[in-house]
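Subject: Structure handover

Hi,

Here is the structure I promised to pass on. Have a look at it first, and then read my notes underneath.

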Amino acid sequence: MKRAIPVVVLSIAGLVPIWRYEPSIGGSTSTTEAASTPSASSSGSGASSGTVVKGTTVTTEKGPVQVQVTFEGDKITAVKMLQQPNHPQTTAAVPKLIAETLEAQSADIDTVSGATITSDGYKESLQAAIDAKG
């Protein structure tokens with residue numbers, strides 16, 4: 001009986017992530033693009049000296065990825081996702097990708113484990129924005 005309680009508790013704890021898992025469906029994408037674009041233009045005009053550049057839209061097997069980068073001179077001061085796949089792993093990866101970008105000041109950043117496809121699309125769109133700023 002002493003072993004049964006921990007076994008049952010650990011079994012339930014192991015099944016919780018499986019119950020909460022949301023598989024991605026082929027081509028479903030987030031609609032953050034439509035919601036983000038108007039606010040991006042209004043916040044871009046509110047920032048006095050920042051240059052805002054959009055990266056190219058990269059089509060991945062999980063969905064489109066596009067970033068918007070704000071520069072102060074040559075320094076990256078902000079990155080915003082305009083389009084991203086509608087997936088929990090992507091949602092969790094975006095803040096990590098943005099933080100690494102601000103630290104590295106380039107597209108030479110690590111891929112986020114569990115969101116490799118989105119990370120690759122992010123880096124490609126980010127590099128396109130950096131190149132466009134030129």
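Below is what I found, going from the whole chain down to single residues.

One thing before you start: this is a predicted model, so please read everything here in that light.

**The chain as a whole**

The protein chain has 134 residues, and 33% of them are buried. You'll find 4 helices and 4 strands in it. Starting from the N terminus, the order of the elements is α-α-β-β-β-β-α-α. If you take the contacts in the chain with a separation of 6 or more, 49% of them come from residues 24 or more positions apart.

**H3 against H4**

Most of my notes are about this helix pair. As a reminder, two packed helices are described by the angle between their axes and the distance between the axes. Here, helix H3 covers residues 88-104 and helix H4 covers residues 116-133. Their axes come within 10 Å and cross at roughly 40 degrees. The two helices are therefore oblique to each other, since angles under 35 degrees would count as roughly parallel and those from 65 to 115 as roughly perpendicular. As for handedness, the crossing of H3 past H4 is right-handed.

Which residues make the contact? On the H3 side they are Thr90, Leu97, Ile98 and Thr101, and on the H4 side Thr118, Ser119, Tyr122 and Leu126. By type, that contact splits into 4 nonpolar residues, 4 polar ones and no charged ones.

**The nonpolar core**

In soluble globular proteins, nonpolar side chains tend to be buried together. In this model the largest nonpolar core holds 19 residues. The members that touch the most others in that core are Val67, Val69, Val79, Met81, Tyr122 and Leu126. Strand S3 (64-72), strand S4 (75-83), H3 and H4 are each the source of at least two core residues.

Tyr122 is worth selecting in your viewer, as it turns up both in the helix contact and in that list of core residues. Setting aside residues up to four places away in sequence, Tyr122 touches Val65, Val67, Val79, Met81, Leu97, Ile98, Thr101 and Ile109. Gln83, in strand S4, can be placed relative to Tyr122 too: their C-alpha atoms are 9.7 Å apart, with the two positions 39 residues apart along the chain. Gln83 counts as buried because its relative accessibility is 10%, and the cut-off for buried is under 20%.

Ser119 is another residue of the helix contact, and it sits in H4. Is Ser119 buried or exposed? Its relative accessible area is 0%, so Ser119 is buried. Beyond its neighbours within four places in sequence, Ser119 is in contact with Leu97, Thr111 and Val112.

**The loops on either side of H3**

Two residues in the loop between H3 and H4 caught my eye, namely Gln105 and Ala115. Gln105 has a phi near 60 degrees, which is a positive value in a residue other than glycine. With a relative accessible area of 29%, Gln105 is partly exposed.

Ala115, on the other hand, counts as buried at 5% relative accessibility. Apart from neighbours within four places in sequence, Ala115 is in contact with Gln89 and Ala93. Ala93 lies 22 residues away from Ala115 along the chain, yet their C-alpha atoms are separated by 6.5 Å.

Asn86 belongs to the loop between S4 and H3. At 51% relative accessibility, Asn86 counts as exposed, the cut-off being over 50%. The C-alpha atoms of Asn86 and Lys62 are 8.2 Å apart, and the two residues are 24 positions apart along the chain.

Over to you now. I'd begin with the H3 and H4 contact and then follow Tyr122 into the core.

Cheers

Terms used:
Residues numbered from 1 in each chain as written. Predicted model: local features only at pLDDT ≥ 70, side-chain atom pairs only at ≥ 80, totals over all residues. Heavy atoms only, no water. Axes fitted to C-alpha atoms, helices over the stretch in contact; angles between N-to-C directions. Parallel < 35°, antiparallel > 145°, perpendicular 65-115°, else oblique. Left-handed = near helix turned anticlockwise from the far one by under 90°. Contact = heavy atoms within 4.5 Å. Nonpolar A, V, L, I, M, F, W, Y, C, P; charged D, E, K, R; others polar. Core = buried A, V, L, I, M, F, W, Y, C linked by side-chain atoms within 4.5 Å. Buried < 20%, exposed > 50% of the residue type's maximum accessible area, 1.4 Å probe, protein only.
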